[in-house]
Structure formats: C-alpha cells, structure tokens
Amino acid sequence: MANTNLANAKTAKNDEFYTQFPDIQKEINAYLDYDPNVFRGKTVLLPCDDPEWSNFTKFFAQYFELLGLKKLISTSFAPESKKFKEGYMPTLFETESPLFDQDKTRTHGKIFVLDHDSNNSGRIDIEDLQWHYLEGDGDFRSKEICQLRDEADIIVTNPPFSLFREFVAWIMEASKQFIIIGNMNAITYKEIFPLIKDNKVWLGNGFNNGNAYFRIVEEREYADGVYDAETGLVKFRNCCWLTNIDHGRRHQPLKLMTMADIFKHSKHKEIRERKEFLKYENYNAIEIPYTDSIPSDYNEIMGVPTSFLDKYCPEQFEILGMCENLDLYSLKTKIYTSQECKDAYLKKFGKPGTYDLNASGVIIVNGQLEKVYQRLLIRKKQ
Ligand SMILES: C[S@@+](CC[C@H](N)C(=O)[O-])C[C@H]1O[C@@H](n2cnc3c(N)ncnc32)[C@H](O)[C@@H]1O
C-alpha cells in the first residue's frame, strides 16, 4: 500500500514539468529552417498547457505574425482535476480579470484564443490573447478538447507523462501533425514503436546536448532528474521531442567507419580488444553496443541502442523491429523455454531464479548467456 502511494505521488509529480522558452524556440526553429511556411495559415492547439505558466503559449503568441498563424488555441487543466494539487494559487492575471470566478477557477479548465488584433495595437501578439473558462476541466480526452483538436492543424505541447500513450493515440486517431515532448523510454512502448518503425513518427531536433531542463511548481525530489536549487530547474537526460513534421537533421546521414577501422580506432576499449561484433543467439543479427560503432560495410541486421534514433536518417537505414518479448515483427530465431531461463540464471548468479532471455537480444560471453540492453534492429539501406 505504502509503495502504491509512493508510486502514485511520483506519477503525479512527473506530470508537472514546465518547458523552457529557449528549448521551445530551438525546436520550432528546426522545422522553420526546413520549411519556413510550416505554420503559415495553420491553427495551432496547445493542450495540457496552463497558459499562465506556459512558455508554449508565450512563444506562439509572441511569434504569431512571424509564423503566419491563422489561430492559436491554448487550454489548461483544472487545478482540482490534477493529480498533484498542492500549491495552487490563482495568478494575478486571473484575479484581475472581470471573468474571475473563485470556484470555477479551481474546477474548470481555461481556454486562451488568439486570432485577431483585439486591442487595436496594429499587430497580433500576446496582448491580444483572450480567455474564458471551459465548460469542463480541460481534460484532453473530453469532448470539448477533442473538438478543438479536430479544429487544429498542429498540436504542440509537453503532455502529462503518465498519460503519454493515450496522448499519442489521441493525436493519431485524428491524424494531426504534432510536436510533443516525451521520455526516451516511451519510444519502446508497443503503441509508439510501430509508428517510429514505419516512419510515421520520429524524433524531433532535440534538446541542447540531450539535456532538457524543466521548471517545477515546487522543490521536490526527482528519481529520474537532477534538481538545481540555484536555477529552480530539474535536468533530465532522457527527454526527447517526438513529431511527424519534417526537419533537416533527420535527413543527415550518420558518418560511418568500416568494420576494420572501428576495430582499430574505436574509442571503446572493449570493441578494439574484441575485434568482432557478437551474433545474437536469438536473432539473426549482430550486437552493436554503441551508435558510434555502426559499421559502413555490413548489410545485414544489426541490434543498436535506442539512442540510435537520435541519429536515424530514413534514407540511410530501415528499422525492422526491436528485441522484445512479443516478437511483433517475427524476427526471433529462438524462443527460450522456462527451463533454459532458469538454467541461465543459476549459471550467471549462482542461485535459483529466472533470467528473462526472451525479453532481449542474447549473446554468449565466456560460455554464458548474457542479455543485452534494449536494442532496435536496423539494416543499412542499399
Ligand atoms: C508536463 S506538464 C507541461 C505543461 C506545459 N505544457 C509546459 O510544458 O510548460 C503537463 C500538464 O498537463 C496537465 N494534465 C494532466 N493530466 C491532464 C489531462 N488529462 N488533460 C489535460 N491536461 C492534463 C498537468 O496538470 C500539467 O499541467
């Protein structure tokens, strides 16, 4: 019970991270560099967005004219409906508005719309945002927000992590373009991976050096991220942008060395010493432990770390599947029996247990079966 409470509290906190303005700017610039008209004449929806806090709203409102937007809609989730409710205080912007309603402000979501020069300043910008309370709490799954989704061309946000699978399904069922923030683990979800494999979804341009910093509503402990008291930001190494909008970086092929050169010059000692890539026992593929060690002269299937996706160029490689239990793409050449899993555990750890060999690629090291980390199965395009 205590564990469940702890897990629930962690999940609730993981939903409340606020994205930094420069990160949004850097990401959106990558799409604009590739196609300067990507947002022109489009309706952009920013759901799950708390506009009082949100840099997404600030960014798109500030650059409304530059991007050539037709309409910007941003919606927030009611404080009372959030899993993490502590610390909510209505903002000045709310309390000073004639629309302010003490009760509704807790139980209803809000909608912010920008589509014309409401203050006659001669330009459309953040000062022209108009808001009112939603009928409901702003849950992205509600009919009200689904209607806004259907009206939109492009959906941009950092959705609640606990509902990430549902959020992606919600976008895909309406066939919308999107740019969202997720966790690298999410790319292996069985709901998400097939989209990546089939080039329907890909990684965005990405955070600076892979480091994503988020603002949090209050200082707390983070299991996966590192909190810096000075900046008030939490740093994550495993966040990514996911999208189905094209950008230039995904068309830059990865620079590769020949296998012979890798064995001579690799920065990884074990690769220089072993001088071969091991074959999996349960896949017709070789194990490549680092993305920087993918050889240029191997044309069969290779197992590579999931971080490869950040370098994935669809003109250079095809993704065939991944090493996983379900064998979604019939790539396994061997299924281990439960006795084999027990024997492997005993041999490796010297005590009874089950080594779940079917969950990953398996190599043989010093006569012993070894599971490798999560691997994608890829092949060079000819
Ligand atoms: C990770 S935060 C990101 C906020 C903002 N988009 C940003 O990046 O600055 C996700 C937000 O979604 C809200 N949320 C949680 N569940 C939701 C739901 N079912 N529908 C809509 N929003 C939800 C959370 O309360 C939180 O404010």
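Domain bounds here come from an automatic or database domain assignment. With that understood, open the model, which is a predicted one, and colour the protein chain by its two parts: domain 1 covers 2–250 and domain 2 covers 259–380. If a centre is placed on the C-alpha atoms of each, domain 1 and domain 2 are 36 Å apart.

Next, select the contact between them. Domain 1 supplies 11 residues to this contact, and domain 2 supplies 12 residues. On the side of domain 1 that touches domain 2, display helix α9 (residues 193–197), which gives the most, with 3 residues. Colouring that side of domain 1 by residue class shows 5 nonpolar, 3 polar and 3 charged residues.

Now turn to the sheet. Its 8 strands follow the order β5-β4-β3-β2-β6-β7-β12-β8; the sheet is open and its pairing is mixed. Strands of a sheet pair through backbone hydrogen bonds, either parallel or antiparallel. Select β5 (130–133) and β8 (202–203) to mark the edge strands, each of which pairs on one side only.

Stay at the β8 edge and add strand β12 (residues 239–243). β8 and β12 pair in the antiparallel sense, over 2 bridges. To inspect one residue pair there, show Trp202 together with Thr243, its bridge partner in β12.

Finally, select helix α3 (residues 55–62). Helix α3 lies across four strands that should be shown with it: β2 (43–46), β3 (71–75), β4 (110–114) and β6 (154–157). Relative to β2, helix α3 runs at about 165 degrees.

How values were computed: Residues numbered from 1 in each chain as written. Predicted model: local features only at pLDDT ≥ 70, side-chain atom pairs only at ≥ 80, totals over all residues. Contact = placed C-beta atoms within 7 Å. Nonpolar A, V, L, I, M, F, W, Y, C, P; charged D, E, K, R; others polar. Pairing = 2+ DSSP bridges. Axes fitted to C-alpha atoms, helices over the stretch in contact; angles between N-to-C directions.
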